[in-house]
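Here are a few exercises to work through with the coordinates open. Try each one yourself before you read its solution.

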Amino acid sequence: MKIKYDLIHKDKNSEARLGVIHTNYGSYETPMFMPVGTQATVKTLSPEELKDVKAGIILSNTYHLWLRPGEDVIDKAGGLHKFMNWDGPILTDSGGFQVFSLAKPKDITEEGVKFKNQYNGDNLLLTPEKSIEIQNKLDSDIAMSFDECVGFPHTREYVEKSVERTLRWAKRGKDVFNNPRQSLFGIVQGAEYEDLRKHCVEELVKMDFDGYSIGGTAVGEPKDIQYLQVEYSTKYLPKDKVRYLMGVGDPIDIIENVIRGVDIFDCVSPTRLARHGHALTKFGKINLKNAKYKMDFTPIDESCDCYSCKHYTKAYIKHLLNAEETFGARLLSIHNIRYLIHLTEELREAIKEDRTLEFREEFIKNYYGEHHE
RNA sequence: GCGGAAUUGGUGAAGUGGUUAACACGCCGGAUUGUGGCUCCGGUAUGCAUGAGUUCGAUCCUCAUAUUUCGCC
């Protein structure tokens, strides 16, 4: 079945929404944070650990699974859920972000995007049709349209052309889409131009997608521009469909964009930060490699209920990082993902009680406050 | 006891009679946003064993001392 979104309550003082998304693999409340498992695994975590941190939907990537192991392997395995032993919902990104991160401008044409296979040098062409075909085979719960994620900075002229192409690509993908168990999202582009965002939303809504994503953010733009990009999108999106902001995962940005009407987030940051020794805490981000934690026998975050905080100290995790033991990155990944998911839990409570704006004030005071070094 | 060789930062080391002593590791910081997973960017020896001498000038030359190491008795 297709996913279904129910709006439960809208915050009285902002655009923040408390909702429920119903999937083939259970129902989950929004706002929610999706951990990223690009290559059919959330780096260093087992599915059991993902359940422990209360993960709902996880995200995987069409481009990477296409190259390795190939969609036919996963199809043969019985689909992505069986292949990776994950019985929760999965969303697959279309490869659109790789257009931004890997392709050169000359590689982008109306037909699709040319890539070089990073493993064997083969020339590859990813098209909207191909992306959807792969995702249909992967059998994820939510597929994304193949779009062009435009970086920052850019010219308005380029964005205008890119939005039109992204719309044509969305249509082409939708026309070949044929997995009845799967839902398909359209992606709103248009950079920081309100008229382009509005136009993009209107055209996507005409095509009637199962949900909508906001793209073109978290690509190096200043925060105020990011927030405008989101405002200019949610302002025009239908209230009865879920909104997913792609790539955003900074704690403050999650709060700011929930306030602007976003329901779902994803970001590689909790796992990447973990691999580089950083932990998110109530009092800001800390670097556990710092010498000051050598004798710190307290948990990362006293207020955190995760496995790592319940059983391990900063000094121990610092030791693991210094010794390049992978358990350190795993403990930090567990913590950071739990941290962001817990943040969305708190946001849901706040929305329920119409105090989202107050929650933001209090959170920022702690996060950037004098406690933070 | 005699003879040889060596002595540069936390470590391994390059180097030159003349402005700021290479590089690597380590250490100390910072970055990271729909992940091209051990990445990227900074900082890190006011000093070349110690003392004396030669020289306009010495880490680099000379002598002594100390330490290490090798060989011989």
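The exercises below concern a predicted model.

**Exercise 1.** Work out where Glu71 sits: is it buried or exposed?

*Solution.* Start with the secondary structure: Glu71 belongs to helix H3, residues 71-76. Next, take its relative accessible area, which is 8%. The cut-off for buried is under 20%, so Glu71 is buried. Finally, list its contacts beyond four places in sequence: Leu65, Trp66, Lys130, Ile134, Lys137 and Leu138.

**Exercise 2.** Determine which side chains of strand S7 are buried, and how S7 pairs with strand S8.

*Solution.* First, follow the alternation along residues 113-116: Val113 and Phe115 share one face and are buried, whereas Lys114 and Lys116 point to the other face and are not. Then turn to S8 (residues 123-126), which pairs with S7 in the antiparallel sense over four bridges. Within that pairing, Phe115 has Leu124 as its bridge partner. Last, inspect the connection: six residues lie between the strands of this hairpin, and Gly121 in the turn has a positive phi of about 80 degrees.

**Exercise 3.** Find what the salt bridge between Lys12 and Asp354 ties together.

*Solution.* Check the distance: the closest N and O atoms are 3.3 Å apart. Now locate the partners: Lys12 is in the loop between strands S1 and S2, and Asp354 in the loop between helices H14 and H15, so the pair ties together parts 342 residues apart in sequence. To finish, compare accessibility: Lys12 is exposed at 63%, while Asp354 is buried at 17%.

Technical notes
Residues are numbered from 1 along each chain as its sequence is written. Chains are lettered from A and ligands numbered from 1 in the order in which they are written. This is a predicted model: local features need pLDDT of at least 70, side-chain atom pairs count only at pLDDT 80 or more; totals for chains, interfaces and linings use all residues. Side-chain values use heavy atoms; hydrogens and water are left out. Helices (H or I, at least four residues) and strands (E, at least two) are DSSP runs, numbered from the N terminus. Buried means under 20% relative accessible area, exposed over 50%, partly exposed in between (1.4 Å probe, protein chains only). Contact means heavy atoms within 4.5 Å. Two strands pair if DSSP finds at least two bridges between them. A salt bridge is a side-chain nitrogen of Lys or Arg within 4 Å of a carboxyl oxygen of Asp or Glu.
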